[in-house]
Amino acid sequence: MTAQTNTTTTTTTVSAYAAPSAKAPLERTTVPRRPVGESDVLIDIKYAGICHSDIHQARDGWGEGIFPMVPGHEIAGVVTEVGSAVTKFAVGDRVGVGCMVDSCRECENCKAGLEQYCLKGNVPTYNGLGKDGEPTYGGYSTHVVVDEAFTVRIPDGLSLDVAAPLLCAGITTYSPLHRWQAGPGKKVAVVGLGGLGHMAVKIAHAMGAEVTVLSQSLRKKDDGLRLGADHYYATSDEATFEQLAGTFDVILSTVSAPLPLDKYLGLLRSEGAFVNVGAPEEPVSLNLFSVIGGGKTLAGSMIGGIQETQEMLDFCAEHGLGSEIELIDADQINEAYERVLTSDVRYRFVIDTATI
Ligand SMILES: [Zn+2]
Ligand SMILES: [Zn+2]
(Lines give C-alpha, C1' and ligand atoms only; values in the text may rest on other atoms or scores of the structure.)
(Ligands and ions follow the chains in the order given, each with its own letter.)
Protein backbone atom coordinates (compact mmCIF):
# COMPACT_ATOMS: atom_id res chain seq x y z
CA MET A 1 0.00 0.00 0.00
CA THR A 2 1.23 3.50 -0.64
CA ALA A 3 1.43 5.91 2.21
CA GLN A 4 -0.12 8.76 0.27
CA THR A 5 -3.46 7.13 -0.31
CA ASN A 6 -3.63 6.39 3.37
CA THR A 7 -2.75 9.74 4.76
CA THR A 8 -5.14 11.79 6.83
CA THR A 9 -5.42 15.18 5.15
CA THR A 10 -7.60 16.95 7.65
CA THR A 11 -7.40 17.72 11.33
CA THR A 12 -8.92 14.94 13.38
CA THR A 13 -10.55 15.09 16.78
CA VAL A 14 -9.42 12.53 19.31
CA SER A 15 -10.31 11.62 22.90
CA ALA A 16 -8.06 12.80 25.69
CA TYR A 17 -7.86 13.60 29.38
CA ALA A 18 -7.12 17.25 30.10
CA ALA A 19 -6.81 19.72 32.94
CA PRO A 20 -9.27 22.43 31.81
CA SER A 21 -7.50 25.05 33.93
CA ALA A 22 -4.65 25.22 36.42
CA LYS A 23 -5.24 23.01 39.46
CA ALA A 24 -8.59 21.71 38.14
CA PRO A 25 -9.01 17.92 38.12
CA LEU A 26 -8.37 16.23 34.80
CA GLU A 27 -11.46 15.25 32.80
CA ARG A 28 -12.35 13.51 29.59
CA THR A 29 -12.44 15.77 26.55
CA THR A 30 -11.40 15.91 22.90
CA VAL A 31 -8.46 17.66 21.24
CA PRO A 32 -7.46 18.26 17.62
CA ARG A 33 -4.57 16.40 16.00
CA ARG A 34 -2.98 17.89 12.92
CA PRO A 35 -3.20 16.20 9.51
CA VAL A 36 -0.47 13.60 8.95
CA GLY A 37 2.22 15.59 7.13
CA GLU A 38 4.89 14.27 4.79
CA SER A 39 7.31 13.34 7.54
CA ASP A 40 4.72 12.52 10.23
CA VAL A 41 3.48 9.30 11.71
CA LEU A 42 0.06 8.81 13.28
CA ILE A 43 0.40 6.82 16.48
CA ASP A 44 -2.36 4.80 18.10
CA ILE A 45 -1.34 5.39 21.72
CA LYS A 46 -1.56 2.26 23.87
CA TYR A 47 -0.01 3.42 27.14
CA ALA A 48 1.04 6.71 28.72
CA GLY A 49 3.12 7.03 31.87
CA ILE A 50 2.43 9.59 34.58
CA CYS A 51 5.54 11.66 35.29
CA HIS A 52 5.88 13.87 38.35
CA SER A 53 6.35 16.84 36.04
CA ASP A 54 2.87 16.21 34.57
CA ILE A 55 1.45 17.12 37.96
CA HIS A 56 3.64 20.21 38.31
CA GLN A 57 2.51 21.48 34.93
CA ALA A 58 -1.18 20.53 35.19
CA ARG A 59 -1.24 22.42 38.48
CA ASP A 60 0.75 25.26 36.96
CA GLY A 61 3.53 24.89 39.49
CA TRP A 62 6.03 26.29 36.99
CA GLY A 63 3.74 29.05 35.70
CA GLU A 64 2.73 29.93 32.13
CA GLY A 65 0.82 26.71 31.56
CA ILE A 66 -1.30 26.42 28.40
CA PHE A 67 -4.84 25.23 29.20
CA PRO A 68 -6.66 23.03 28.53
CA MET A 69 -3.60 20.84 29.05
CA VAL A 70 -3.29 17.20 28.03
CA PRO A 71 -0.21 15.96 29.90
CA GLY A 72 1.84 12.90 29.05
CA HIS A 73 5.35 12.56 27.66
CA GLU A 74 5.88 8.86 28.19
CA ILE A 75 4.05 7.52 25.16
CA ALA A 76 4.09 4.00 23.76
CA GLY A 77 1.95 2.91 20.83
CA VAL A 78 1.69 1.59 17.30
CA VAL A 79 2.01 3.43 13.99
CA THR A 80 -1.26 3.44 12.05
CA GLU A 81 -0.42 5.89 9.24
CA VAL A 82 2.76 7.29 7.74
CA GLY A 83 3.34 10.40 5.64
CA SER A 84 4.64 10.12 2.07
CA ALA A 85 8.25 11.00 2.98
CA VAL A 86 8.53 8.80 6.07
CA THR A 87 11.44 6.36 5.85
CA LYS A 88 12.06 5.14 9.40
CA PHE A 89 8.66 3.66 10.19
CA ALA A 90 5.88 1.62 8.67
CA VAL A 91 2.30 0.91 9.69
CA GLY A 92 2.30 -1.59 12.56
CA ASP A 93 5.64 -0.51 14.04
CA ARG A 94 5.87 -0.21 17.83
CA VAL A 95 7.03 3.27 18.72
CA GLY A 96 7.54 5.72 21.54
CA VAL A 97 7.51 9.48 22.02
CA GLY A 98 9.18 11.22 24.92
CA CYS A 99 9.42 14.77 26.22
CA MET A 100 9.85 16.64 22.94
CA VAL A 101 8.27 16.50 19.49
CA ASP A 102 10.44 18.95 17.55
CA SER A 103 13.39 21.34 17.69
CA CYS A 104 15.11 23.78 15.31
CA ARG A 105 17.30 20.92 13.93
CA GLU A 106 19.90 23.47 12.81
CA CYS A 107 21.73 24.74 15.89
CA GLU A 108 24.96 23.17 17.08
CA ASN A 109 23.19 21.22 19.81
CA CYS A 110 20.56 19.81 17.46
CA LYS A 111 23.29 18.85 15.01
CA ALA A 112 25.16 17.13 17.83
CA GLY A 113 22.13 15.02 18.77
CA LEU A 114 21.37 17.13 21.82
CA GLU A 115 17.91 18.27 20.70
CA GLN A 116 16.85 18.55 24.33
CA TYR A 117 19.22 21.50 24.61
CA CYS A 118 18.17 23.11 21.30
CA LEU A 119 19.41 26.69 21.42
CA LYS A 120 16.05 27.92 20.14
CA GLY A 121 14.18 25.69 22.60
CA ASN A 122 12.75 22.27 21.83
CA VAL A 123 9.02 21.81 21.28
CA PRO A 124 7.69 19.97 24.34
CA THR A 125 5.28 17.09 23.78
CA TYR A 126 2.61 19.02 25.67
CA ASN A 127 2.21 22.46 27.22
CA GLY A 128 4.14 23.97 24.32
CA LEU A 129 3.56 25.46 20.90
CA GLY A 130 4.40 23.53 17.75
CA LYS A 131 6.06 25.11 14.74
CA ASP A 132 2.52 25.67 13.40
CA GLY A 133 1.83 27.87 16.42
CA GLU A 134 -0.75 25.46 17.79
CA PRO A 135 -0.61 24.07 21.34
CA THR A 136 0.86 20.60 21.72
CA TYR A 137 -1.19 17.96 23.52
CA GLY A 138 0.43 14.98 25.20
CA GLY A 139 -0.06 11.30 25.66
CA TYR A 140 -3.17 11.08 27.86
CA SER A 141 -5.01 10.56 24.61
CA THR A 142 -5.87 7.92 22.04
CA HIS A 143 -3.76 9.22 19.14
CA VAL A 144 -0.95 11.63 18.38
CA VAL A 145 0.72 12.88 15.19
CA VAL A 146 4.49 13.23 15.49
CA ASP A 147 7.34 13.88 13.07
CA GLU A 148 9.26 10.67 12.49
CA ALA A 149 12.47 12.44 13.51
CA PHE A 150 11.13 12.66 17.07
CA THR A 151 9.69 9.16 17.16
CA VAL A 152 11.71 6.19 18.42
CA ARG A 153 11.35 2.47 17.94
CA ILE A 154 10.37 0.22 20.85
CA PRO A 155 12.18 -3.10 20.36
CA ASP A 156 10.10 -6.29 20.33
CA GLY A 157 11.67 -7.46 23.58
CA LEU A 158 9.92 -4.72 25.56
CA SER A 159 6.22 -4.74 26.40
CA LEU A 160 4.64 -1.41 25.55
CA ASP A 161 3.22 -0.86 29.05
CA VAL A 162 6.56 -1.14 30.87
CA ALA A 163 8.35 0.64 28.01
CA ALA A 164 6.25 3.82 28.24
CA PRO A 165 8.01 5.25 31.34
CA LEU A 166 11.38 4.71 29.71
CA LEU A 167 10.62 7.63 27.39
CA CYS A 168 11.16 10.07 30.27
CA ALA A 169 12.29 8.24 33.42
CA GLY A 170 14.49 5.87 31.45
CA ILE A 171 16.33 8.40 29.29
CA THR A 172 16.61 10.94 32.12
CA THR A 173 18.67 8.45 34.10
CA TYR A 174 20.39 6.57 31.25
CA SER A 175 21.89 9.69 29.70
CA PRO A 176 23.88 10.91 32.73
CA LEU A 177 24.87 7.35 33.72
CA HIS A 178 26.22 6.87 30.21
CA ARG A 179 27.91 10.27 30.08
CA TRP A 180 29.57 9.77 33.47
CA GLN A 181 30.59 6.25 32.49
CA ALA A 182 28.77 4.05 34.96
CA GLY A 183 30.16 0.56 34.39
CA PRO A 184 32.36 -2.20 35.79
CA GLY A 185 34.66 -0.96 38.54
CA LYS A 186 32.54 2.16 39.14
CA LYS A 187 30.59 2.88 42.30
CA VAL A 188 27.32 4.64 41.59
CA ALA A 189 24.92 6.02 44.17
CA VAL A 190 21.31 6.78 43.34
CA VAL A 191 19.59 9.29 45.61
CA GLY A 192 15.86 8.57 45.92
CA LEU A 193 14.03 5.40 44.88
CA GLY A 194 11.02 6.71 42.97
CA GLY A 195 10.02 6.78 39.31
CA LEU A 196 13.43 8.03 38.19
CA GLY A 197 15.49 6.36 40.91
CA HIS A 198 14.18 2.85 40.32
CA MET A 199 15.15 3.10 36.65
CA ALA A 200 18.56 4.52 37.58
CA VAL A 201 19.18 1.48 39.79
CA LYS A 202 18.17 -0.98 37.06
CA ILE A 203 20.18 0.76 34.35
CA ALA A 204 23.34 1.37 36.42
CA HIS A 205 23.27 -2.27 37.54
CA ALA A 206 22.87 -3.47 33.94
CA MET A 207 25.80 -1.25 32.93
CA GLY A 208 27.90 -3.21 35.39
CA ALA A 209 28.38 -0.64 38.14
CA GLU A 210 28.26 -1.33 41.86
CA VAL A 211 25.04 0.41 42.88
CA THR A 212 24.06 1.97 46.20
CA VAL A 213 20.68 3.49 46.97
CA LEU A 214 20.64 6.49 49.27
CA SER A 215 17.09 6.90 50.48
CA GLN A 216 15.54 8.78 53.37
CA SER A 217 14.58 5.56 55.11
CA LEU A 218 15.04 1.82 54.68
CA ARG A 219 11.33 1.42 53.86
CA LYS A 220 11.96 0.32 50.26
CA LYS A 221 15.19 -1.56 50.90
CA ASP A 222 13.87 -4.94 49.73
CA ASP A 223 12.69 -3.40 46.48
CA GLY A 224 15.99 -1.61 45.94
CA LEU A 225 18.00 -4.79 46.31
CA ARG A 226 15.58 -6.70 44.09
CA LEU A 227 15.90 -4.03 41.37
CA GLY A 228 19.67 -4.43 41.30
CA ALA A 229 21.18 -2.35 44.09
CA ASP A 230 24.15 -3.88 45.93
CA HIS A 231 23.77 -1.66 48.99
CA TYR A 232 21.06 0.47 50.57
CA TYR A 233 21.52 3.21 53.14
CA ALA A 234 19.23 5.62 54.96
CA THR A 235 20.21 9.28 54.65
CA SER A 236 18.24 10.06 57.80
CA ASP A 237 21.03 8.21 59.63
CA GLU A 238 24.04 10.51 60.12
CA ALA A 239 26.33 7.48 60.27
CA THR A 240 25.69 6.92 56.55
CA PHE A 241 27.64 10.04 55.66
CA GLU A 242 30.61 9.06 57.82
CA GLN A 243 30.62 5.46 56.67
CA LEU A 244 30.41 6.29 52.94
CA ALA A 245 32.68 9.35 52.85
CA GLY A 246 34.85 9.36 49.69
CA THR A 247 33.14 6.30 48.20
CA PHE A 248 31.39 7.09 44.92
CA ASP A 249 32.49 7.83 41.37
CA VAL A 250 29.04 9.11 40.48
CA ILE A 251 26.07 10.19 42.55
CA LEU A 252 22.83 10.65 40.62
CA SER A 253 20.26 12.68 42.52
CA THR A 254 16.68 12.05 41.42
CA VAL A 255 15.02 13.98 44.24
CA SER A 256 13.48 17.42 44.06
CA ALA A 257 13.86 18.16 47.76
CA PRO A 258 16.74 20.50 48.62
CA LEU A 259 19.73 18.40 49.71
CA PRO A 260 22.64 19.42 51.94
CA LEU A 261 25.03 19.43 48.99
CA ASP A 262 28.25 19.72 50.99
CA LYS A 263 27.45 16.49 52.79
CA TYR A 264 26.63 14.65 49.58
CA LEU A 265 29.72 15.96 47.79
CA GLY A 266 31.70 14.50 50.68
CA LEU A 267 30.54 11.05 49.56
CA LEU A 268 32.38 11.39 46.23
CA ARG A 269 35.84 10.09 45.50
CA SER A 270 38.32 12.58 44.08
CA GLU A 271 37.22 13.68 40.60
CA GLY A 272 33.80 12.14 41.14
CA ALA A 273 30.60 13.76 39.91
CA PHE A 274 27.34 14.64 41.62
CA VAL A 275 24.69 14.84 38.90
CA ASN A 276 21.23 16.34 39.41
CA VAL A 277 18.22 15.25 37.40
CA GLY A 278 15.74 16.43 40.01
CA ALA A 279 15.71 20.01 41.22
CA PRO A 280 14.15 21.87 44.11
CA GLU A 281 12.18 25.01 43.23
CA GLU A 282 14.38 27.19 45.45
CA PRO A 283 18.05 28.06 44.81
CA VAL A 284 20.55 25.99 46.78
CA SER A 285 23.79 26.98 48.44
CA LEU A 286 27.05 25.17 48.92
CA ASN A 287 30.58 25.80 50.07
CA LEU A 288 32.67 25.70 46.89
CA PHE A 289 35.51 24.05 48.79
CA SER A 290 33.27 20.97 48.63
CA VAL A 291 34.07 20.70 44.91
CA ILE A 292 37.51 22.32 44.89
CA GLY A 293 38.98 19.81 47.30
CA GLY A 294 39.15 16.56 45.36
CA GLY A 295 38.48 18.19 41.98
CA LYS A 296 34.83 17.20 42.05
CA THR A 297 32.08 18.02 39.59
CA LEU A 298 28.60 19.28 40.36
CA ALA A 299 26.54 18.66 37.24
CA GLY A 300 23.05 18.51 35.80
CA SER A 301 21.32 16.63 33.02
CA MET A 302 17.96 16.88 31.25
CA ILE A 303 16.38 13.91 29.44
CA GLY A 304 18.50 12.96 26.38
CA GLY A 305 18.68 13.39 22.62
CA ILE A 306 16.62 11.35 20.16
CA GLN A 307 19.49 9.08 19.06
CA GLU A 308 20.44 8.47 22.68
CA THR A 309 16.80 7.71 23.54
CA GLN A 310 16.86 5.01 20.86
CA GLU A 311 20.12 3.66 22.30
CA MET A 312 18.53 3.59 25.76
CA LEU A 313 15.52 1.61 24.49
CA ASP A 314 17.79 -0.86 22.70
CA PHE A 315 19.89 -1.21 25.87
CA CYS A 316 16.80 -1.78 28.03
CA ALA A 317 15.43 -4.37 25.61
CA GLU A 318 18.77 -6.18 25.51
CA HIS A 319 18.90 -6.33 29.30
CA GLY A 320 15.17 -6.95 29.84
CA LEU A 321 14.65 -3.68 31.69
CA GLY A 322 11.16 -2.25 31.85
CA SER A 323 9.71 0.09 34.41
CA GLU A 324 7.91 -1.27 37.48
CA ILE A 325 4.37 -0.07 36.88
CA GLU A 326 0.87 0.16 38.28
CA LEU A 327 -1.53 0.09 35.33
CA ILE A 328 -4.58 2.31 35.78
CA ASP A 329 -7.71 3.34 33.91
CA ALA A 330 -8.05 6.94 32.78
CA ASP A 331 -10.70 7.70 35.41
CA GLN A 332 -8.09 7.00 38.09
CA ILE A 333 -5.68 9.73 36.91
CA ASN A 334 -6.66 12.30 39.55
CA GLU A 335 -6.35 9.74 42.32
CA ALA A 336 -3.00 8.63 40.91
CA TYR A 337 -1.76 12.25 41.00
CA GLU A 338 -2.49 12.41 44.73
CA ARG A 339 -0.64 9.15 45.29
CA VAL A 340 2.40 10.32 43.29
CA LEU A 341 2.58 13.41 45.50
CA THR A 342 2.87 11.19 48.58
CA SER A 343 5.33 8.80 46.85
CA ASP A 344 2.68 6.07 47.10
CA VAL A 345 3.47 4.31 43.82
CA ARG A 346 5.82 1.49 42.97
CA TYR A 347 7.13 2.91 40.76
CA ARG A 348 5.26 4.46 37.86
CA PHE A 349 1.57 4.81 37.08
CA VAL A 350 0.78 3.95 33.48
CA ILE A 351 -2.56 4.77 31.89
CA ASP A 352 -4.23 2.15 29.71
CA THR A 353 -5.32 4.56 26.99
CA ALA A 354 -8.03 2.18 25.78
CA THR A 355 -9.98 3.52 28.79
CA ILE A 356 -9.82 7.16 27.64
ZN1 LIG B 1 8.85 13.32 32.69
ZN1 LIG C 1 18.27 23.49 17.76
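Begin the tour by selecting Tyr347, which sits in the loop between helix 12 (333-341) and strand 17. The model on your screen is a predicted one, and every stop below should be read with that in mind. Now add Arg346 to the selection and look at the bond that links the two residues, for Arg346 and Tyr347 are joined by a cis peptide bond whose omega is about -5°.

**The other cis bond on this tour**

Move next to Phe67 and Pro68, where a cis peptide bond again joins the two residues, with omega at about -5°. Pro68 belongs to the loop that runs between helix 2 (52-58) and strand 4 (75-82). As a general background, most residues other than glycine have a negative phi, and most peptide bonds are trans.

While helix 2 is in view, select Ser53, which is found in that helix. Is Ser53 buried or partly exposed? Ser53 has 19 other C-beta atoms within 10 Å, and because a residue needs 20 or more of them to be called buried, Ser53 counts as partly exposed. If you then draw a distance from the C-alpha atom of Ser53 to that of Pro71, which lies 18 residues away along the chain, the viewer should show a separation of 9.0 Å.

**Two residues with positive phi**

Select Lys23, in the loop between strand 1 (12-18) and strand 2 (27-33). The phi of Lys23 is near 75°, which is a positive value in a residue other than glycine. Lys23 is also exposed, with 10 other C-beta atoms within 10 Å.

Continue to Gln181, in the loop between helix 5 and strand 10 (187-191), just after the end of helix 5. Here phi is near 60°, again a positive value in a residue other than glycine. Gln181 is partly exposed, having 14 other C-beta atoms within 10 Å.

**The whole chain in two domains**

Zoom out and colour the protein chain by its division into domain 1 (3-167 + 305-355) and domain 2 (170-300). How far apart do the C-alpha centres of domain 1 and domain 2 lie? The two centres are separated by 28 Å. To the contact between them, domain 1 gives 19 residues and domain 2 gives 12 residues. On the side of domain 1 that touches domain 2, the largest share comes from helix 11 (residues 306-318), which supplies five residues. Sorted by class, that side of domain 1 holds nine nonpolar, six polar and four charged residues.

**Helix 5 and its surroundings**

Select helix 5 (residues 169-179), a mostly covered helix in which nine of the 11 residues are buried. The buried residues are Ala169, Gly170, Ile171, Thr172, Thr173, Tyr174, Ser175, Pro176 and Leu177. Their packing partners are helix 6 (195-207), strand 13 (248-253), strand 14 (268-276), helix 11 and strand 17 (348-352).

Show helix 6 first. Its axis is 8 Å from that of helix 5, and the two helices pack at an angle of about 45°; they are therefore oblique to each other. The crossing of helix 5 and helix 6 is right-handed. To see the contact itself, select Ala169, Gly170, Thr172, Thr173, Tyr174 and Leu177 in helix 5, which meet Gly195, Leu196, Met199, Ala200, Ile203, Ala204 and Met207 in helix 6. The residues of this contact divide into nine nonpolar, four polar and no charged.

Now hide helix 6 and show helix 11. The axes of helix 5 and helix 11 come within 10 Å and cross at roughly 100°, and the two helices are therefore roughly perpendicular to each other. In this contact Gly170, Ile171, Tyr174 and Ser175 of helix 5 meet Glu308, Thr309, Met312, Phe315 and Cys316 of helix 11. By class, the contact has five nonpolar, three polar and one charged residues.

**Last stop: Leu265**

Finish at Leu265, which is found in helix 9 (residues 261-265). Leu265 has 23 C-beta neighbours inside 10 Å and so counts as buried. Which residues does Leu265 contact, once its neighbours within four places in sequence are left aside? They are Phe274, Ser290, Val291 and Lys296. As a closing selection, add Phe289, which is 24 residues from Leu265 along the chain, and note that their C-alpha atoms are separated by 10.0 Å.

Definitions and conventions. Residues are numbered from 1 along each chain as its sequence is written. Chains are lettered from A and ligands numbered from 1 in the order in which they are written. This is a predicted model: local features need pLDDT of at least 70, side-chain atom pairs count only at pLDDT 80 or more; totals for chains, interfaces and linings use all residues. Domain bounds come from an automatic or database domain assignment. Two residues are in contact if their C-beta atoms, placed from the backbone, lie within 7 Å. Helices (H or I, at least four residues) and strands (E, at least two) are DSSP runs, numbered from the N terminus. Ala, Val, Leu, Ile, Met, Phe, Trp, Tyr, Cys and Pro count as nonpolar, Asp, Glu, Lys and Arg as charged, and the others, Gly among them, as polar. A residue is buried if 20 or more other C-beta atoms lie within 10 Å of its own, exposed if 12 or fewer, and partly exposed in between; C-beta atoms are placed from the backbone. Axes are lines fitted to C-alpha atoms, for helices over the stretch in contact, and angles run from 0 to 180 degrees between N-to-C directions. Angles under 35 degrees count as roughly parallel, over 145 as roughly antiparallel, 65 to 115 as roughly perpendicular and the rest as oblique. A crossing is left-handed if the near helix is turned anticlockwise from the far one by less than a right angle, and right-handed if clockwise.
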